[in-house]
Amino acid sequence: MAEKNILEAVKKVLEESPKRNFSESVDLAINLKNLDMNQPKNRVDEEVILPHGLGKELKIGVFAKGDVGLRAKAAGAAYVISDVELDELAADKNQARTLANECDLFIAETQFMPTIGKNLGIVLGPRGKMPIPLLPNKDIGELIQSKQNAIRLRSKDKLTFHVPVGRRNMSPDDLAENIETIVSRLERVLDKGRHNLRTVYVTTTMGKSERVV
């Protein structure tokens with residue numbers, strides 16, 4: 001069970017935000033304090049596995065070939081990009097940008113990583129979508145499944161940043177537990193824990209917001 005104040009904040013946001021004709025995202029607005037964000041050691045860059053996922057299927061692109069590519073497709077990868085297709089993307093930055101915007105994240109066999117860094121780093125890097133390397137001892141199917149429930153906490157050099165925690169059609173309890181998981185991780189990785197958290201608000205895409213920290 002999530003903390004009562006988090007659950008109450010989620011319920012209030014869901015009840016008081018107008019209904020929309022699309023599935024709204026539920027997000028956190030995180031505001032840090034007493035940190036020099038020009039110092040890389042103070043920046044947040046953490047992967048968090050949400051206990052209840054994001055309430056939607058993520059679009060995952062996989063740079064792979066042969067058997068790994070086939071298993072990636074079978075595991076639900078939205079795109080499997082071969083070495084030939086990687087060369088095509090390198091030559092067509094518009095196509096590369098379209099793919100980068102469409103996919104939530106990428107995974108790549110390790111032998112693809114140098115080429116991706118050299119030719120697509122300029123497209124994927126600023127979007128925070130450089131591929132996760134598929135290590136030789138990792139199963140592509142298991143990795144894809146685990147990433148379906150993962151989000152990235154990335155502050156870059158800003159004291160304020162946003163992160164999705166689910167969809168409006170999820171239950172308040174599930175959303176609250178996702179939020180508590182994120183807040184707990186922040187408290188562990190920030191230099192002074194909760195003392196570095198100025199505020200955390202939960203909000204829907206076009207609705208009201210409510211403070212949870």
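**Exercise 1. Where does the largest pocket lie, and why there?**

Task: place the largest pocket relative to the domains of this predicted model, then describe its walls.

Solution, step by step.

- Start with the domains. The assignment splits the chain into domain 1 (1-43 + 154-212) and domain 2 (58-145). Their centres, taken over C-alpha atoms, are 29 Å apart.
- Now look at who lines the pocket. Both domain 1 and domain 2 give residues to the lining, so the largest pocket lies between them.
- Put a volume on it: the pocket holds about 860 Å³ of space.
- Go through the lining. There are 31 lining residues, and those nearest the centre are Asp104, Arg127, Gly128, Arg152 and Arg154. Strands S2 (45-49), S5 (105-109), S7 (150-154) and S8 (160-167) are the elements that give two or more residues each. S8 gives the largest share, with six residues.
- Finish with chemistry. The lining divides into 13 nonpolar, six polar and twelve charged residues.

**Exercise 2. Which residues of helix H3 are buried, and what covers them?**

Task: work out how helix H3 sits against its surroundings.

Solution, step by step.

- Pick out the buried residues first. In H3 (residues 83-91) they are Leu86, Leu89 and Ala90.
- Next, look down the helix axis. The buried residues of H3 fall within an arc of 100°, so they line one face of the helix.
- Flip to the side turned away from that face: Val84 and Ala91 are exposed there.
- Last, find the cover. The buried residues of H3 are covered by elements including strands S3 (60-63) and S4 (79-81), plus helices H4 (93-102) and H5 (113-124).

**Exercise 3. What lines the largest cavity?**

Task: find the enclosed space in the model and sort its lining by class.

Solution, step by step.

- Search the whole structure with a cut-off of 30 Å³ or more, and one cavity turns up. The largest cavity has a volume of about 40 Å³.
- List its lining: Phe63, Leu89, Ala96, Leu99, Phe106, Leu120, Val123 and Leu124. You have met Leu89 already, as one of the buried residues of H3.
- Assign the lining to elements. H4 and H5 each supply at least two residues, and H5 has the largest share with three.
- Sort by class, and you get eight nonpolar residues, no polar ones and no charged ones.

**Exercise 4. Is Leu153 buried or exposed?**

Task: describe the surroundings of Leu153.

Solution, step by step.

- Locate the residue: Leu153 is part of strand S7.
- Check its accessibility. With a relative accessible area of 0%, Leu153 is buried, since buried means under 20%.
- Look for company from far along the chain. Glu47 is 106 residues away from Leu153 in sequence, yet the two C-alpha atoms are 6.2 Å apart.
- Round up the contacts. Setting aside neighbours within four places in sequence, Leu153 touches Ile30, Val44, Asp45, Glu46, Val48, Phe161, Val163, Ile182, Arg185 and Leu186.

**Exercise 5. Where do Asn34 and Lys156 lie?**

Task: look at two residues with a positive phi, and place each one.

Solution, step by step.

- Keep the background in mind: most residues other than glycine have a negative phi.
- Take Asn34. Its phi is near 55°, and it lies in the loop between S1 (25-32) and S2. Asn34 is exposed, with a relative accessible area of 63%.
- Then Lys156. Its phi is about 50°, and its loop is the one between S7 and S8. Lys156 is partly exposed, at a relative accessible area of 43%.

Conventions: Residues numbered from 1 in each chain as written. Predicted model: local features only at pLDDT ≥ 70, side-chain atom pairs only at ≥ 80, totals over all residues. Heavy atoms only, no water. 1 Å grid on protein atoms, 1.4 Å probe; cavity = no way out; pocket = protein on both sides within 12 Å on 5 of 7 lines; lining within 4 Å. Points joined across faces, edges and corners; volume = space filled by probe spheres on them. Helix = DSSP H or I, 4+ residues; strand = E, 2+ residues; numbered from the N terminus. Nonpolar A, V, L, I, M, F, W, Y, C, P; charged D, E, K, R; others polar. Domains from an automatic or database assignment. Buried < 20%, exposed > 50% of the residue type's maximum accessible area, 1.4 Å probe, protein only. Arc of directions from axis to C-beta. Contact = heavy atoms within 4.5 Å.
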